[in-house]
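This report describes selected helices, a sheet and one residue of a protein chain. Please keep the sequence and the structure in view while reading.

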Amino acid sequence: MLLLYLMSEIFPKQIRAIYIDHQLQQMSAEWGILVQQQSEALNIPCIIQKVSVDAGNLEQQARHVRYQAYQQHLDCHEILVLAHHQQDQAETLLLRLFSGAGVNGLAAMQQIDNRKDFTIWRPFLDLSREQIEQWSNQLGFEYVIDPTNSDIHYDRAWCREELWGVLEKRFPKMQLAVARTSYLMQDAAEILDDVLKADYQQCVVDHQLDLEQLAQLSTARQRQLLSAWIKGDGQYRPSYEMVKRLQNEVIFSKPDAQASLHIHPYYYLRYQKRLYRLTHDELYAEKVSTIPNISPLCFFAGQSIQVAAGKFEIISQTVGLAPELLGRELKLLKRQGGEKIHLYGRVGHWPLKKAIQEAQILPWLRHTIQILVVDNVMLGVFSPKGFWLAQSEYVVQGGWQPSLISDCNDFSDQSFSYHE
């Protein structure tokens, strides 16, 4: 209520109030009316938004739906102003300390918090609760003290009611000191973030992490990078134990081990000297694949085609397939296993499986490999690494070949299509 009053004095034409009614307390609707009346008295538009809180960790769930509700009413250029104060900051730091948080967690709340969809401003972080109450009483407006503030069933209330007095009796300036620690942690987090950005650029490309580059970092920087990479676009970093599991069970496992770890919602696998982050559908695509045998099929010069392995373009090559095959009916077959291929420029026939392994095609993409055939003669193989030309009577100077434009990681439709 003090924040509402001060904002109306400083930005009278630029603000509006949002009251989130969690519907968890009998008086919550009446408190909304009080906020609305005060807003009207200050000529401030007021929005009352009711939300439903799911079961589970009540404090966490309430916070989640509250911020979801805020976001519904905020434009990307607007600022959400909140009244968190110094004791809130100190409580947050202690609670995160008790949960085993690292530097980012102990940085607690920032005065200016730039989030993905909006910015938060907390102008009261350096004010004590006593200062806020004194100021509010001097101004003489109504306010509400939430009864759950003293309900020690909740961790924050327990910290406030049971722990705070004991600590302040021994350390009178404890609240100020703990709040100051949060600012020191924010500085440390900013420095670590600069280091992390450099490490990220060196080691990570989208869903892949280079393990050779990772090994060049210190142990602490490895954990920091893995933690940030696992977090991705999520809200929270994984636990220290989960990062250690990824290292011990996947990264440090034997080279021939098919090790993987599921950290919701992704699966983490090592192949060769890289660590991959895959969705469920990517990892198990082969088991649910419905790639058909395509017949008949005609190619034309300049045509772009999309097969299971990726998108290709039919272009002229120094050595390639005979021009008379353009426009002729061809077949595209699924790999069944056991096939052999006589690669152009190589001696003898090779098991196709060996060629796939030599090309280091990722195991979870091998189901996308398809064989191009005419009259039971293998012309070549479509793979995520490109088109492999097979030796046959149809290979000529000045022929044509499909040229890879983008592999199957760039699209999700596993069906065949082509267009002029």
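In helix α1, which covers residues 2-10, the buried residues are Leu2, Leu3, Leu4, Leu6, Met7 and Ser8. These buried residues pack against three strands, β1 (17-21), β3 (79-81) and β5 (119-121), and against the helices α2 (28-41) and α6. The model under discussion is a predicted one.

**Helix α4**

Helix α4 is formed by residues 86-98 and has 13 residues. From its first C-alpha to its last, α4 reaches 19 Å, close to the 18 Å expected at 1.5 Å a residue. Buried residues in α4 are Gln86, Gln87, Asp88, Gln89, Ala90, Glu91, Thr92, Leu93 and Leu94. The elements that cover them include α5, α6, α7 and α8. After α4 comes Gly100, which has a positive phi, near 85°.

The table lists helices that take part in covering the buried residues of α4.

| Helix | Residues |
|---|---|
| α5 | 103-106 |
| α6 | 129-139 |
| α7 | 155-170 |
| α8 | 174-203 |

**The open sheet**

In what order do the 5 strands of the open sheet lie? The order is β11-β14-β17-β18-β19, and the pairing is antiparallel. At the edges are β11 (294-297) and β19 (386-389), each of which pairs on one side only. From one strand to the next, the twist averages 25°.

At one edge of this sheet, β11 pairs with strand β14 (residues 330-334) in the antiparallel sense, over 2 bridges. Here Ile294 stands opposite Leu332, a residue of β14.

**The annotated domain**

UniProt, in an unreviewed entry, lists residues 330-404 as "domain: Lysidine-tRNA(Ile) synthetase C-terminal". Over this stretch the chain is 9% helix and 44% strand. The C-alpha atoms at the two ends of residues 330-404 are 19 Å apart.

**Ser383**

Strand β18, made up of residues 377-383, contains Ser383. Is Ser383 buried or exposed? Ser383 counts as buried because its relative accessibility is 0%, and the limit for a buried residue is under 20%.

Two kinds of neighbour can be described for this residue. A polar atom of the Ser383 side chain lies 2.9 Å from the backbone oxygen of Gly386. Leaving aside neighbours within four places in sequence, Ser383 is also in contact with Ala309, Phe312, Ile361, Ile369 and Trp388.

Terms used. Residues are numbered from 1 along each chain as its sequence is written. This is a predicted model: local features need pLDDT of at least 70, side-chain atom pairs count only at pLDDT 80 or more; totals for chains, interfaces and linings use all residues. Side-chain values use heavy atoms; hydrogens and water are left out. Helices (H or I, at least four residues) and strands (E, at least two) are DSSP runs, numbered from the N terminus. Buried means under 20% relative accessible area, exposed over 50%, partly exposed in between (1.4 Å probe, protein chains only). A polar contact is a pair of N or O atoms within 3.5 Å; within protein, one must be able to donate a hydrogen and the other to accept it, and residues adjacent in sequence count only if both atoms are side-chain atoms. Contact means heavy atoms within 4.5 Å. UniProt positions are given in the numbering used here, feature names are shortened, and annotations may be inferred rather than shown by experiment. Two strands pair if DSSP finds at least two bridges between them. Axes are lines fitted to C-alpha atoms, for helices over the stretch in contact, and angles run from 0 to 180 degrees between N-to-C directions. The expected span of a helix is 1.5 Å times one less than its number of residues.
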